[in-house]
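I wanted to look up how aromatic rings are placed against one another in this model, and whether any charge sits over a ring. My notes follow in the order in which I looked.

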Amino acid sequence: MNSEINCIALIGKQNNPLFIKNFSSNHPDLKYHYIAHTSIDVIEERANGPKNPDLYLGLLYVMEEMAVYGYITNTRVKMVVVVSVIDGIIRDADMKALFRKIHTAYVANVCNPFYNIDTQKSIQSKSFTRAIETIGMNARTTLEI
């Protein structure tokens, strides 16, 4: 049985939305904005808890038929992936690999000399958007429960 990625979201260190990509045709974008912002509390609770050298935070919570996974970078940028799951659990190794790809795309975007890392604006880069779309579409076929 396969699972599908519904949303990939990046949230800035000041809890501002940097990028939210909706891959689902069943739910509106606003639902994923809500899910991304509700996951901030769980991410900060885990990140400020006992020192964990791993940036991958694992399963944050389950809402309806969606599982929400989290990751935080060294610069406190939060990454959230929402996956539709009906039965079963996704392996952590698959999610870690997915977050590494998203983090690599984000680092490539930040390395652009014209990108201001301290901005409150959302990411408008076409190459970053294409990279996230490619990651999301490829992951839809490779995440197995």
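**Notebook: aromatic rings**

I began with tyrosine 56, which counts as buried because its relative accessibility is 6%, below the 20% cut-off. I keep in mind throughout that this is a predicted model.

I then searched the whole structure for aromatic pairs and found three. In one of them, the rings of tyrosine 56 and phenylalanine 99 have their centres 5.9 Å apart and their planes at 55°, so I entered the pair as tilted. Since tyrosine 56 belongs to strand E3 (residues 56-63) and phenylalanine 99 to helix H2 (residues 92-110), this pair ties together parts that are 43 residues apart in sequence.

Next I checked phenylalanine 99 itself, and I noted it as buried, with a relative accessible area of 0%. Its ring also pairs with that of tyrosine 71: the centres are 5.3 Å apart and the planes lie at 10°, so I recorded this pair as stacked. Because tyrosine 71 lies in strand E4 (residues 66-72) and phenylalanine 99 in helix H2, the pair ties together parts that are 28 residues apart in sequence. I found that tyrosine 71 is buried, as is phenylalanine 99.

Which residues do the ring pairs link into a cluster? I wrote down Tyr56, Tyr71 and Phe99.

Last, I looked for a charge over a ring, and I noted that the charged end of lysine 21 sits over the ring of phenylalanine 23, at 5.8 Å from the centre of that ring.

Technical notes:
Residues numbered from 1 in each chain as written. Predicted model: local features only at pLDDT ≥ 70, side-chain atom pairs only at ≥ 80, totals over all residues. Heavy atoms only, no water. Phe/Tyr/Trp six-rings, centres within 6.5 Å; stacked < 30°, edge-to-face > 60°. Helix = DSSP H or I, 4+ residues; strand = E, 2+ residues; numbered from the N terminus. Buried < 20%, exposed > 50% of the residue type's maximum accessible area, 1.4 Å probe, protein only. Lys NZ or Arg CZ within 6 Å of the ring centre and 35° of its normal.
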